[in-house]
There are 2 protein chains.
Amino acid sequence: MKRPLAVVLVSGGLDSCVTAAVAAQEHDVAFLHVKYGQRTESREEKAFFDLCEHFRPKFRLVTEVPALKAIGGSALTDTKLSVPEEEPDPERIPITYVPFRNAHFLCVAVSWAEVIGAEKIFIGANQVDFSGYPDCRRSFFDAFERTIEEGTRPETHIRIETPLINLTKPEIVRLGVQLGAPFHLTWSCYQNEKVACGRCESCRLRLKAFSEAGLEDPIPYEESL
Amino acid sequence: MKRPLAVVLVSGGLDSCVTAAVAAQEHDVAFLHVKYGQRTESREEKAFFDLCEHFRPKFRLVTEVPALKAIGGSALTDTKLSVPEEEPDPERIPITYVPFRNAHFLCVAVSWAEVIGAEKIFIGANQVDFSGYPDCRRSFFDAFERTIEEGTRPETHIRIETPLINLTKPEIVRLGVQLGAPFHLTWSCYQNEKVACGRCESCRLRLKAFSEAGLEDPIPYEESL
């Protein structure tokens with residue numbers, strides 16, 4: 001039986017790796033990687049290609065959104081702003097928030113899905129153990145789905161699947177283990193491209209996730225940790 | 001008194017020129033031009049800079065969305081597909097539809113607006129005398145506004161202004177005349193970059209607009225017309 005086709009946004013991080021494993025269970029997959037001039041762009045792209053080697057998607061597309069770096073306003077795209085190492089304030093949107101970033105990624109996914117005939121887009125966003133980014137909440141994806149219905153051909157219907165949205169980080173790690181997700185191929189660090197720093201927001205969340213799941217993170221971290 | 005700041009999407013065509021004139025009445029303006037590998041990209045960019053010379057916006061940004069050409073699926077971005085010269089079938093989405101294009105443009109506008117502190121985005125979309133593109137209807141912009149509310153900082157509120165949405169093409173031309181819009185600087189042709197073809201969908205709509213408004217289009221067309 002023919003399997004339905006789904007676009008999967010694959011940044012190369014832990015969450016997108018688990019999301020890809022979920023999507024691949026019941027779909028033919030089209031892997032999409034969007035570069036946006038972020039600090040660790042090359043390392044994330046390498047993780048994407050490594051994940052492609054593992055999952056062997058039916059289609060793959062690497063593209064970029066140069067506007068986000070041109071616009072700046074985030075420590076991820078503007079190297080004049082530092083990536084914080086302290087615990088984030090849960091009341092504030094962190095400086096690593098890239099304005100409306102996930103909307104850009106979804107736009108590319110929608111245009112591609114409409115042309116290749118995919119009816120679902122998978123994204124590994126998470127609103128539980130997350131950094132407080134507004135564009136990671138299910139209410140954002142619900143509004144975006146409505147926008148897709150209004151802004152594409154009448155015969156186009158595309159759902160946004162967020163299988164990790166209500167999982168805690170340790171639950172995501174455990175789900176990945178259960179599905180055989182290749183964690184050793186992923187990259188999460190916001191700061192470095194060679195050895196993960198272990199101190200930025202993203203490394204902290206990741207290390208906490210493995211630790212709480214009672215597992216060891218297979219990627220190397222700076223010795224100073 | 002300080003005027004509010006508005007981002008204006010300026011393609012360089014007739015509608016965006018009139019929209020810019022509307023926006024400039026009561027706002028400081030930030031002009032945004034997005035290239036997407038369309039056939040007449042260079043000519044449209046020139047029109048943008050000519051319009052900047054005229055309007056003198058407070059900020060200007062030229063960027064690109066390379067994904068749309070990579071994805072294709074439209075006669076505007078895929079030169080293997082021809083731009084039709086016959087009258088379009090009103091029951092079908094034309095082949096010049098670029099999948100979800102306006103959503104990409106709005107994403108750039110939102111990210112920029114959030115960083116520079118603009119509370120409005122002006123776009124010259126029109127759902128009356130238009131080509132039948134789904135992403136030119138007000139229902140699409142309403143859904144997008146909701147997505148902006150959900151996907152940006154809690155203190156960010158951005159409205160999408162579509163001053164031409166319910167005007168006919170001759171009404172748009174008359175409004176432009178009234179506001180002193182510099183039509184001679186604009187470019188609408190989908191096909192050519194030197195002299196407008198006069199036969200593609202976009203030229204037809206434009207010529208019809210001037211003709212019905214009882215005015216002469218100030219830009220040159222191919223002699224064969």
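**Close-up 1. A:Pro94 in its loop, partly exposed.** In this predicted model, A:Pro94 has 17 other C-beta atoms within 10 Å, so it counts as partly exposed. You will find A:Pro94 in the loop between helix 3 and helix 4 of chain A. Setting aside residues up to four places away in sequence, A:Pro94 touches A:Pro88, A:Ser131, A:Gly132 and A:Glu201. One of these partners, A:Ser131, is 37 residues apart from A:Pro94 along the chain, yet the two C-alpha atoms are separated by 7.1 Å.

**Close-up 2. The open sheet of chain A.** Five strands make up this sheet, in the order 3-2-1-4-5 and with parallel pairing. Strand 3 and strand 5 (159–161) of chain A are the edge strands, each pairing on one side only. From one strand to the next, the twist averages 25°. As a reminder for this view, strands of a sheet pair through backbone hydrogen bonds, either parallel or antiparallel.

**Close-up 3. Strand 1 beside strand 4, with the helices that pack on the sheet.** Strand 1 (residues 5–9) and strand 4 (residues 120–122) of chain A run parallel and are joined by three bridges. Look here for A:Val8, which stands opposite A:Phe122 in strand 4 of chain A. Helix 1 of chain A packs on the sheet and touches strand 1, strand 2 (28–35) and strand 4 of chain A. The direction of helix 1 makes about 175° with that of strand 1 of chain A. Helix 2 of chain A also packs on the sheet, where it touches strand 2 and strand 3 of chain A. For helix 2, the angle is about 170° with the direction of strand 2 of chain A.

**Close-up 4. The annotated binding site and A:Cys17.** An unreviewed UniProt entry carries the annotation "binding site" for A:Val10, A:Ser11, A:Gly12, A:Gly13, A:Leu14, A:Asp15, A:Ser16, A:Cys17, A:Val18, A:Thr19 and A:Ala20. A:Cys17 sits in helix 1 (residues 14–26) of chain A. Is A:Cys17 buried or exposed? It counts as buried, because 28 C-beta neighbours lie inside 10 Å. Not counting residues up to four places away in sequence, A:Cys17 touches A:Leu51, A:Gly176, A:Ala181, A:Pro182, A:Phe183 and A:Thr186.

**Close-up 5. A:Thr19, another residue under the "binding site" annotation in UniProt.** A:Thr19 also has its place in helix 1 of chain A. With 28 other C-beta atoms within 10 Å, A:Thr19 is buried. Which residues is A:Thr19 in contact with, leaving aside neighbours within four places in sequence? They are A:Val8, A:Phe122, A:Ile123, A:Gly124, A:Pro163 and A:Leu164. Among them are A:Val8 and A:Phe122, the residues that stand opposite each other in strand 1 and strand 4 of chain A.

**Close-up 6. Positive phi at A:Arg56 and A:Phe100.** Neither residue is a glycine, and both have positive phi: about 50° for A:Arg56 and near 65° for A:Phe100. A:Arg56 belongs to the loop between helix 2 (41–55) and strand 3 (59–64) of chain A. A:Phe100 lies in the loop between helix 3 (66–71) and helix 4 (101–116) of chain A. Their surroundings make a nice contrast: A:Arg56 is exposed, with 11 other C-beta atoms within 10 Å, whereas A:Phe100 counts as buried, with 30 C-beta neighbours inside 10 Å.

Note on methods. Residues numbered from 1 in each chain as written. Chains lettered and ligands numbered in written order. Predicted model: local features only at pLDDT ≥ 70, side-chain atom pairs only at ≥ 80, totals over all residues. UniProt positions renumbered as here; feature names shortened; annotations may be inferred. Helix = DSSP H or I, 4+ residues; strand = E, 2+ residues; numbered from the N terminus. Buried ≥ 20, exposed ≤ 12 C-beta atoms within 10 Å, placed from the backbone. Contact = placed C-beta atoms within 7 Å. Pairing = 2+ DSSP bridges. Axes fitted to C-alpha atoms, helices over the stretch in contact; angles between N-to-C directions.
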